[in-house]
Amino acid sequence: MPAAVTNRHFTGADSLVDLVKEDFNILPILSRFSIPLGFGNKTIAEVCGESGIDVDIFLLIVNFILTGQIVSETPSDTAANGIVDFLHNSHDYFLTYKFPHIRANLLKALDCHHSDINPAIVRFFDSYIDQVRIHFAYEENTLFPYIRSMLAGERTDYNIDIFRRHHDEVGEKLSDLKNIILRYYTTSMPNLMYDVLVDIFNCEEDLDTHSEIENFILVPMIAELELNNHQPRTAHRHRDRKQPE
C-alpha cells in the first residue's frame, strides 16, 4: 500500500485546488483523468461532472494515493470500467510523455568525458522502457479486453487470478539505473543529472503507485465481480491489505 501523505479524506464538496495544495504530486493524476487546468474554485464534483468523470472513481484513486486506504462502495461495472480507463491513460502517459521526457533529459545530462559508458547507460534505460512496454502491452491486449468482455456478460477461460499470479513489478530496473548514476557517474554538469535523478525517483514512485492501484483496487474489485457474474475461475487468494500505521 502507498505510504500515507495525509489523513484527510477528500469528498466531492472539496475544491480541486485544495486537493492539489494537499499534495502537488496529485497533478499527474489529474492529467491522466484528462482534467484541464483553469478549474478556479470549483469543487471536485463540479470539475469531474464537467469533464465526464465518475467522481466516486476519482475520489477512490486520489484518496488511496493520499491516505493509503481504500474507501469504496460495492464494486460495480461502472467503477471497474473507470479504473481500466484510468490505467489505460496511465500507460499512455508513461510511454508517450514521461519516459521520452526522462530520456531526452538524460541525453542532455551525459558528460562527454564518459563516451565509453554513456551508450551503455542509454541502452540500459531503453531496455527498461522495452520491458515496461511489454508489461503494459499484456494488460492492454489481454487483461483490459477480458475485463470489458466479462462486464458485458461474456464467458472466457481467463480470470483475474491468472493476472494476479503473474503480475510482476516494473520499477526494479529503474531503481538499478538510479543507483548506478548516484554511486558511480561523475559529471561536470551535476545540475542536469540531478534533474534526471529527480525525474527517475518520481517516476519510480509513480510506477509503484500504478502497480498498487492494480493490486489493491482493480484485482479485488474484478475478483468480486467475477463471483457476482459467476465467471469460472481458480481459487482466488487476496493479497493482504496492510493498513497504514
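Colleague: Is Glu50 buried or exposed?
Modeller: In this predicted model, Glu50 has a relative accessible area of 56%. That residue therefore counts as exposed, because the term applies over 50%.

Colleague: Which residue does Glu50 meet in a salt bridge?
Modeller: The partner is Lys42, and the closest distance given for the two side chains is 2.9 Å, N to O.

Colleague: And how accessible is Lys42?
Modeller: Lys42 has a relative accessibility of 30%, so this residue counts as partly exposed.

Colleague: Why can such side chains pair at all?
Modeller: Side chains of opposite charge can pair when their charged atoms come close.

Colleague: How many salt bridges are there in the whole structure?
Modeller: The search finds nine. One of them joins Arg148 to Asp85, with 3.1 Å between the closest N and O atoms.

Colleague: Where in the chain do Arg148 and Asp85 lie?
Modeller: Arg148 belongs to helix α6 (residues 118-151) and Asp85 to helix α5 (residues 77-109). They are 63 residues apart, and the pair links distant parts of the chain.

Colleague: How accessible are those two?
Modeller: Arg148 is partly exposed, at 37% relative accessible area. Asp85 is partly exposed as well, at 39%.

Colleague: What about Arg164, which residue does it meet in a salt bridge?
Modeller: Arg164 meets Asp161, at 2.9 Å from N to O. Both residues lie in helix α7 (residues 160-166), three residues apart, which is about one turn of the helix.

Colleague: Are Arg164 and Asp161 buried or exposed?
Modeller: Both are buried. Elsewhere, Arg8, Asp14 and Glu22 are joined into one network by salt bridges that share partners.

Colleague: Changing topic: how many helices and strands are in the protein chain?
Modeller: The protein chain has nine helices and zero strands. Its pattern along the sequence is accordingly written α-α-α-α-α-α-α-α-α.

Colleague: What is its radius of gyration?
Modeller: The value is 20 Å. A compact globule of 245 residues would have one near 18 Å, so the chain agrees with that expectation. Along its principal axes, the C-alpha trace spans about 60 × 45 × 35 Å.

Colleague: How much of the chain is buried?
Modeller: Of the 245 residues, 47% count as buried. The chain exposes about 12,700 Å², and carbon and sulfur atoms supply 51% of that area.

Colleague: Last one: how many positive and negative charges are there?
Modeller: There are 21 positive and 37 negative charges, and their mean positions are 4 Å apart.

Definitions and conventions. Residues numbered from 1 in each chain as written. Predicted model: local features only at pLDDT ≥ 70, side-chain atom pairs only at ≥ 80, totals over all residues. Heavy atoms only, no water. Helix = DSSP H or I, 4+ residues; strand = E, 2+ residues; numbered from the N terminus. Rg over C-alpha atoms; globule rule 2.2 N^0.38 Å. Buried < 20%, exposed > 50% of the residue type's maximum accessible area, 1.4 Å probe, protein only. Areas by Shrake-Rupley, 256 points an atom, 1.4 Å probe, with all protein chains shown as cover. Lys, Arg positive; Asp, Glu negative; His and termini not counted. Charge placed at Lys NZ, Arg CZ, Asp CG, Glu CD. Salt bridge = Lys/Arg side-chain N within 4 Å of Asp/Glu carboxyl O.
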